[in-house]
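User: I am new to this structure. Please take a close look at one part, the packing of a helix pair, and then connect it to what surrounds it.

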Amino acid sequence: MHSYTVKDDEVKILISHSNKQPIYEQISFQIKEQIINGELEAGELLPSIRNLAKELHVSVITTKRAYEELERDGFIHTVPGKGTFVAPQSLKSIEAKKYELLDGDLLNIINKSKVLNISKEELIRRINIIYVEGDRDGNNFRNR
Amino acid sequence: METILEIDNLSKEYADFKLDNVSFNLKRGYIMGIIGPNGAGKTTTIKLIMNLIKRSSGEIKVFGLDNLKKEKEIKNRIGFVYSDINFYENFSVNNNAKIIANFYDNWNWEIFYAYLERFKINKNQIFKDLSKGMKVKFAISLALSHDAELLIMDEPTSGLDPIFRHEVINILQEYIEDGNRSIVFSTHIISDIEKMADYITFINKGKIVFSEDKIKLLDTYRIVKGGLDILDDTLENVFINITKNKYGFSGLTTNYSKLYEKYGSSLVIDKPNIEEIMIYMAGGNI
């Protein structure tokens, strides 16, 4: 399936239409990631919801929802008439948000493990193996 | 935010069909797709907005103005694309445009010629020699060239190839980027709705089934599947519509979290797409 990219100086968003995750979540997740890993810095201007929608070929309501979630979670703030900016993040909140991003995926893995009768110890052992293998292969694929 | 289109309890009675108490609104800056089976009332609704046919009852406001009392002013600010395109067959593109241009205060030739260029239409070509796709492109160019605040399009992309549909969608998304303009279009091509509509109005048998924010719609419903062994009347009542086969049932519901609590992983809970929501809501079998 095709995907679209927006590169507004700093922001990078890749949408996948074959991904089961709703498009608004893909957008908010990727912006969160870039804020947490420091690619987007506090005070940086983000594209408007309307420009983002046009560039990504998605509906305005989709980008609006993505920004609403980011604003609710304290990642961005909107100044009426000026635009939307990356909100300042404390180190502590960045640490907490890192784990928040991970927890959803972990929960899926844990639930699946339970269905497959894989014990907690077995799961942790598995993570250790794949973590090392991934490093060795230079594997940087992202599986969402 | 300002409401650009308000339709209130609109009805139109024909001998064999009734558009029945239709109500919905659209805000400025957004795109609404009207979907529904053939003969559901999409075109009737659009024709009533444009006052091309006489309504039986109800009220329509465009830009906050009554569509009957202020018809002329409203139409000046609307760009319209009909599904059956009617122009002078033996006139050139340019001469057809001249006739249309006369109706609009804000007609802008520069914008019109820019669209022709973008669509690769020769302004001297005779209308009847244009391909079907070109005729639609011409009609869209006309609709976009007088600074209309509201575009109303009756199946603008039907019968067109995917590449052209994509091009149209891009242009329409550009058109509303400033946040001041809105688009209402009818279609039965679900992928067009999925790509560009902010709001979806589903009409079936002359009635509104839903008129809703697309994201909310996709978030609200789930398709729940399970074995026939757990299916009793109480469970069946949770579903808006349910279909059964030899191996299990499958139903559309908003109450999926309760079901998950009770039945857990013995159920499959899926997010439906717009098409699936439509089919279940229309009472069809999947």
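Analyst: **A helix pair and its surroundings**

In chain A, α2(A) and α3(A) are oblique to each other. This is a predicted model. The angle gives the reason. Helix α2 of chain A covers residues 49-56, and helix α3 of chain A covers residues 60-72. They pack at an angle of about 125°. Over 145 would count as roughly antiparallel, and 65 to 115 as roughly perpendicular. The angle of about 125° fits neither range, so the pair is oblique. The two axes lie 8 Å apart. The crossing itself is right-handed, as α2(A) passes α3(A).

Now follow helix α3 to its end. Its range of residues 60-72 takes in A:Arg72. This arginine forms a salt bridge with A:Asp73. The closest N and O atoms are 3.2 Å apart. How accessible are the two partners? A:Arg72 counts as exposed, because its relative accessibility is 59% and the class begins over 50%. A:Asp73 has 24% relative accessibility, so it counts as partly exposed.

Chain B offers a helix pair to set beside the one in chain A. Helix α4 of chain B spans residues 109-118, and helix α5 of chain B spans residues 132-143. Their axes come within 9 Å and cross at roughly 155°. An angle over 145 counts as roughly antiparallel, so α4(B) and α5(B) are roughly antiparallel to each other. Their crossing is right-handed.

Salt bridges come next. The structure holds 23 of them over all chains. In chain B, the side chains of B:Glu2 and B:Arg28 meet in one, at 2.9 Å from N to O. This pair links distant parts of the chain, 26 residues apart. B:Glu2 sits in the segment before β1 (3-13) of chain B. B:Arg28 sits in the loop between β2 (18-27) and β3 (31-35) of chain B. Their accessibility classes are not alike: B:Glu2 is partly exposed, because its relative accessible area is 41%, while B:Arg28 counts as buried, because its value is 7% and the buried class is under 20%.

Another salt bridge stays inside a helix. B:Lys75 pairs with B:Glu71, with the closest N and O atoms 2.9 Å apart. Both residues lie in helix α2 of chain B, residues 71-76. They are 4 residues apart, about one turn of the helix. B:Lys75 counts as partly exposed at 25% relative accessibility. B:Glu71 is also partly exposed, at 24%. Elsewhere, salt bridges that share partners build one network. It joins A:Lys32, A:Arg65, A:Glu69, A:Arg72, A:Asp73 and B:Asp219. That brings back A:Arg72 and A:Asp73, the pair with the 3.2 Å contact.

Nonpolar surface is also present in chain A. A patch of about 430 Å² is made by A:Tyr99, A:Leu102, A:Leu106, A:Ile109 and A:Ile110. A:Tyr99 lies in helix α4 of chain A, residues 91-115. Its relative accessible area is 48%, so A:Tyr99 is partly exposed.

A last stop in chain B is B:Gly248. It lies in strand β13, residues 248-253 of chain B. At 9% relative accessibility, B:Gly248 counts as buried. Its C-alpha atom is separated by 47 Å from that of B:Leu150. Along the chain, these two residues are 98 residues apart.

How values were computed: Residues numbered from 1 in each chain as written. Chains lettered and ligands numbered in written order. Predicted model: local features only at pLDDT ≥ 70, side-chain atom pairs only at ≥ 80, totals over all residues. Heavy atoms only, no water. Patch = residues over 30% accessible without salt bridge, like charges linked within 9 Å, V, L, I, M, F, W, Y side chains within 5 Å. Areas by Shrake-Rupley, 256 points an atom, 1.4 Å probe, with all protein chains shown as cover. Salt bridge = Lys/Arg side-chain N within 4 Å of Asp/Glu carboxyl O. Helix = DSSP H or I, 4+ residues; strand = E, 2+ residues; numbered from the N terminus. Buried < 20%, exposed > 50% of the residue type's maximum accessible area, 1.4 Å probe, protein only. Axes fitted to C-alpha atoms, helices over the stretch in contact; angles between N-to-C directions. Parallel < 35°, antiparallel > 145°, perpendicular 65-115°, else oblique. Left-handed = near helix turned anticlockwise from the far one by under 90°.
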